[in-house]
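Visitor: I should be grateful for a close look at one part of this protein, with a few words on the whole beforehand.

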Amino acid sequence: MKKLAIIAALTALIAAYFLFDLGQYLTLDGIKQVGDRVEAIQADNPVAVLVGFFLIYVAVTAASLPGAAIMTLAAGALFGLVTGTILVSFASTIGATLAFLASRYVLRDWVESKFGNRLKTINAGLERDGPFYLFTIRMIPLIPFFAVNLVMGLTRIRTWTFAWVSQIGMLLGTIVYVNAGTQLAQIESTSGLLSPALIGSFVLLGLVPWIAKGIVGIIRRRKVYAGFDRPKGYDQNLIVIGAGSAGLVSAYIAAQVKAGVTLIENDKMGGDCLNTGCVPSKALIKSAKVAASMRNADRYGLAPVEPQVPFPKVIERVQGAIRTIEPHDSVERYEGLGVDVVLGYATIIDPWTVEVARHDGETQRLTARSIVIASGAKPFVPPIEGLEGSGYLTSDTMWDAFAQMNEVPRRVAVLGGGPIGCELSQALSRLGAEVIQIERNERVLAREDDDVSALAKETLEATGVTVLTGHEAVRVDDGRVIAKSDDQEREIPFDTLIVAVGRAARLEGYGLEKLGIDTAKTVVHDEFLATKFPNIFVAGDAAGPYQYTHAASHQAWYASVNALFGQFRKFKADYRVLPAVTFLDPEVARVGLNEREATEQDTAYEVTTYDMSESDRAIAESDTRGFVKVLTVPGKDTILGATVVAANAGELIAEFTLAMKQNIGLNALLGTVHAYPTLAEANKFVAGNWKRANKPDKLLDIAERYFAWRRG
């Protein structure tokens, strides 16, 4: 009954508003029309006018009716700056609180039961920052006044907290609007519109969001830096921790804009990508691909031959690729660019100070206005019984182990069915190892669509890999992995065990915990890649969620530019168009959404495919495995995502990446000349398939009748 009474009262207010056309009075013209009458009444009954205005303002805001901004201007015109500000400040707070309570009492339980997940972000903000979160929202006039009242009513914030924070948060906007109203009241003719005072008032209205943003920023900085003493001067403009892809790009950008920058690395320049990841793995994959081509030479009309695999020479070639690329990422090159490179372990002491335990035994302290954390990631090792004493290898340690081997390991067990596990399994199998791949999920490459996962598994098995999906490694015992599936255990003997179940950000030992920087699976950061300290940024694997070298470089641009120029403008990291490639043979490449993600996100889509068996170039090269799949907005050629499974798919995906980045649709791809015969024609042909599926049937019927008429 109480809820019904509240609903009835609000309904009556809203009905009266429209029934009596009260909205006509909540405009500038309406205020002008009644202004003289109100002033006449005010002269005789000033208190009655104040009380009446106050109650009307409360009613309008409590019912979330339009016109609060106009009434604020009217308060300035009728009562002046001081009285008008006091009147509106308390009336708006009371009205907002009533709207807040109505929303809470009538709607919260129902909304929480239906849309609880949608409120998680707001509740998390309130839990994390308390009243300051609401204060921040109130200080931004662009956020509708009534929306804040209603949404906050759905949260768990206390009523008294909502009231006093709202009053303080709205005060700046109230003063500016009331002041503008005092100037509007003084207009007697059109020439008054050009008066400096009125123009200044409207300029101030336009500046309110910026002023509010500045005030919020000052308060937030004072809050977050409380207890720390800022240096009077700085050794550098930027300190970068980690010389992997993200760190190198960050330092490079800083040096190019002539900022003072120190790059700190505890291990090898180039990070995981150069030394243990991208470069060595792709070099190994190429050697394995050549071995497979020799073994399957009859596919090309040649006599097949079983390749001899002198494993030490294969690994020497891998190391040679690393040595060739090393100078690009070397200390000498970066020092030549103007970067101060320090080799040692970095610990952040305070928001501006980094202590380095140098490799030469010295300890060095450096200060900088900003810091970029680019500490990278390390292989994740699951807590499996007996694993620690098994001599297992990871993507970080296996290269040194391979360098000590005289031949390809005979029996290899690979834990993990993600990109790294699949790539290594296929490569080692092609080089002659007996490989068993163990994956606890029902599919390999579980993030991809079912058809992609199925083709990947088929390819691995055709290579000779035994793929055990739906199997979980439960323990390791005496050179055997015991894997469990449907309560049945299977023993898998091995000579070499490789753990490739994923990678985890390196977060320990950098002083983040002592500073209170949140680290869950990665360093918690905002859309500008800033941590809780506005001058400490993060990029690469430490930032997540994408563990790709090109994603790290992409983030590094945002982190370094925001760190160096954020006082003028900040840029939100943009992940809308981020390609990824798994270097199987055939390769699996993707950008944007796939069908699985589109379904999970409830995004409507159309799917168009092109099979590589129809490609003339693929036929000529006797490699027709795979397909191109494109997701588009229903009825439009706008690309939502593309997946390519084919030889050189990593190269083919670039065209879709560019198209999505530049908002180019399939019609444009179809109208672009592609060289013949190339694999890239597949991108054009899938656009053609989309065009045929979306042909204008009615127009074609008209055209058919027209041409029939033309033939007589």
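What is the accessible surface of the protein, and what percentage of it belongs to carbon and sulfur atoms? After that, please examine strand β20 and the strands with which it pairs.

Guide: The model before us is predicted. Its accessible surface comes to about 36,100 Å², and 57% of that belongs to carbon and sulfur atoms. The protein has 712 residues, of which 47% are buried. Its secondary structure consists of 25 helices and 20 strands. Among contacts between residues at least 6 apart in sequence, 65% join residues at least 24 apart.

Let us now turn to strand β20, which covers residues 639-646. Of its 8 residues, 8 are buried, so the strand is largely enclosed by the rest of the structure. Here a residue is called buried when its relative accessible area is under 20%.

Strand β20 pairs with strand β17, residues 587-592, and the two run antiparallel, joined by 6 bridges. It also pairs with strand β19, residues 627-632, again in the antiparallel sense and over 6 bridges.

One residue of β20 links both pairings. A642 is the bridge partner of V591, and A642 is also the bridge partner of V630.

The connection between β19 and β20 deserves attention as well. These two strands form a hairpin, with 6 residues between them. Within the turn lies G635, which has a positive phi of about 80°.

Methods. Residues are numbered from 1 along each chain as its sequence is written. This is a predicted model: local features need pLDDT of at least 70, side-chain atom pairs count only at pLDDT 80 or more; totals for chains, interfaces and linings use all residues. Side-chain values use heavy atoms; hydrogens and water are left out. Helices (H or I, at least four residues) and strands (E, at least two) are DSSP runs, numbered from the N terminus. Buried means under 20% relative accessible area, exposed over 50%, partly exposed in between (1.4 Å probe, protein chains only). Contact means heavy atoms within 4.5 Å. Accessible areas come from the Shrake-Rupley method with a 1.4 Å probe; for residues, only the protein chains shown count as cover. Two strands pair if DSSP finds at least two bridges between them.
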